[in-house]
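Colleague: I have just opened this entry and would like some help reading it. Could we start with how helices pass one another?

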Amino acid sequence: MDTLLLEARQNLDLKTPGQLRQALTEVINQCVPDVAIRQRMLLCLSEAVTNLVLHAQDKPDHILIRFGNNRSSWWLDIFDSSRPWPLNKNPDDNLLFEFQEIENGRGIALMHAQCDELNYHAGNASQPNQLRLQWSYPKQQKRQTILIVEDNDSLCRLYQAYLDDAFNVVTAANGYHALQQLTTQKIDLLLSDIRMPEMNGLSLRKKINQQAAHELIPFVFLTAEDDQLIQQQATNLGIDDYLVKPVNKIQLLKIIQRILGRSQQIHTQLSERIDKNISASLKPQLPASANGWRLQVACRDTGSGGGDLLLHKDFAGKTQLLLSDIMGHDDSAKFFSHACGGYIHGLLQSMQINSNPALLLEQISNYAMVDKLLSQVTLTCCSIQLSEQGKISLASAGHPAPLLLSANKIETVAVGGVLPGLIADYPYQSRELNLQCGQRLAFYTDGLFESAADNSARIDLQTRISEALLATLDLPIDQSLQQVMNLFDQITNAQPSDDALLLLLEPLPFS
């Protein structure tokens, strides 16, 4: 049964996407605990409504949205009375991804990637069109698993009763049985008696120390004997703690929570250190000029989740750039971003001079579609190739369109394509431009305009950054970049909600 949490109706104009986004934000901040899912919801709403504003045929006077949930998911309905999309004419769901023939500029590919289910019902004279987007509830996080190794059945059941409320508990009667459990279970902490038949606790620990897959599992000894020699032997085997029986529930839970907390802290610190080293190696570094162009880049890194990536390679007479935004806001996204960055870096270095920007995106997309690791990543890419005399070739895979800055004018460069990994052998298209001296191109990741506290602040951020880009067009490109990013830091209080990157390009004078 559906529960309605929000209903909002707005007249359809350029302000509508921002108004509806603000209304949805207020509701989902209260009822959707997962930040990543909230951002996907807002992205889908913005994409759907913006494309209605820009591309709807027989544009409606107003739009209605409803947001709610049921037993399995959250849902968002968007109603309008424009000319229906021709989606239902073809039963092949894969064609929902096609931009030109099927999508009609409606952002279906992006929305399909950002929600778990998409359904569209064409309207008629009495019923509006209905687009329903759904997001499944995230699976409950699995409880940590404790392995109790104890030959005394009564004590084993007692310890299990102590821990059952907070942990998943598995048991073993001796060391041999424990080693078998380790091969079939993911164990987060091991509690073991020392004196047991067949294989005692000390022998078990020695065996585990020889197994790379299990040697880092936190290990606690339980014993009935306060024997200094045995304690020393246990300590020499690298255990995390040693408890003398009898052990009460409060004492046992306190020890386990302390050890698991310390283990997680060490894991986090190690991950951050590794992440810092990898991030430093992937930090955008560009020459000040290349093949008749000036280049300047600046970025802001929140330190969490995915990340922004800018890579380049110089050829004779050409420079290839690749800008990518790897989405996500948790540790797994950070890991996937590094794996993805490493692959793209290798692919770019193997690129031949006669390759065009669109071909590079096709290679990335095909790999992301079939690779078990990179298929977990949602990313956008913009491929850029610079040549002499102000010539530039662009191709995009779901990335924000660049901005062309000219005297007293700022324009969006229309270039687009589906997100990588959605369609096999998708034919990305390149767009050729010829810039004149005095013109400048701004490429960016969406954090540049999305890093604000609420929808009103986001609109203000986008307006002021765009105005600053245009107002500093006459300044040297490095000074322009510095002023724009200083303004960004001022508006966001140097605490952006998402990674942001800004790349400015302009042709050197030519005859």
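Modeller: Happily. A crossing is right-handed if the near helix is turned clockwise from the far one by less than a right angle, and left-handed if anticlockwise. Please keep in mind that this is a predicted model. Here, the crossing of H6 past H7 is right-handed.

Colleague: What angle and what distance describe the packing of H6 and H7?

Modeller: In general, the angle between the axes and the distance between the axes describe two packed helices. In this case H6, residues 175-184, packs against H7, residues 201-209, at about 30°, and the axes are 9 Å apart. Angles under 35 degrees count as roughly parallel, so H6 and H7 are roughly parallel to each other.

Colleague: Which residues make the contact?

Modeller: From H6 come Gly-175, Ala-178, Leu-179 and Leu-182, while H7 brings Leu-204, Lys-207 and Ile-208. Sorted by class, the contact of H6 with H7 has 5 nonpolar, 1 polar and 1 charged residues.

Colleague: What surrounds Met-199, in the loop between E8 and H7?

Modeller: Setting aside neighbours within four places in sequence, Met-199 is in contact with Asn-174, Gly-175, Tyr-176, Leu-179, Leu-204 and Lys-207. Met-199 has a relative accessible area of 5%. Buried means under 20%, so Met-199 is buried. Between Met-199 and Ala-173 there are 9.7 Å in space, C-alpha to C-alpha, and the two are 26 residues apart in sequence.

Colleague: And Ser-192, is that residue buried or exposed?

Modeller: Ser-192 sits in strand E8, residues 189-193, and counts as buried at 0% relative accessibility. Not counting residues up to four places away in sequence, Ser-192 touches Val-149, Gly-201, Leu-204, Phe-219, Val-220, Phe-221 and Leu-222.

Colleague: Now the rings, please. How many aromatic pairs are there?

Modeller: Rings pair if their centres lie within 6.5 Å, and by this rule the count is 5 aromatic pairs. Take Phe-219 and Phe-221: their ring centres are 4.9 Å apart and their planes are at 70°. Planes over 60 degrees apart count as edge-to-face, so this pair of Phe-219 and Phe-221 is edge-to-face. Both Phe-219 and Phe-221 are buried.

Colleague: How are the rings of Tyr-426 and Tyr-428 arranged?

Modeller: Tyr-426 and Tyr-428 form an edge-to-face pair, with 4.8 Å from centre to centre and 70° between the planes. Tyr-426 is buried at a relative accessible area of 8%, and Tyr-428 is buried at 6%.

Notes
Residues are numbered from 1 along each chain as its sequence is written. This is a predicted model: local features need pLDDT of at least 70, side-chain atom pairs count only at pLDDT 80 or more; totals for chains, interfaces and linings use all residues. Side-chain values use heavy atoms; hydrogens and water are left out. Axes are lines fitted to C-alpha atoms, for helices over the stretch in contact, and angles run from 0 to 180 degrees between N-to-C directions. Helices (H or I, at least four residues) and strands (E, at least two) are DSSP runs, numbered from the N terminus. Angles under 35 degrees count as roughly parallel, over 145 as roughly antiparallel, 65 to 115 as roughly perpendicular and the rest as oblique. Contact means heavy atoms within 4.5 Å. Ala, Val, Leu, Ile, Met, Phe, Trp, Tyr, Cys and Pro count as nonpolar, Asp, Glu, Lys and Arg as charged, and the others, Gly among them, as polar. Rings of Phe, Tyr and Trp (its six-membered ring) pair if their centres lie within 6.5 Å; planes under 30 degrees apart count as stacked, over 60 as edge-to-face and the rest as tilted. Buried means under 20% relative accessible area, exposed over 50%, partly exposed in between (1.4 Å probe, protein chains only).
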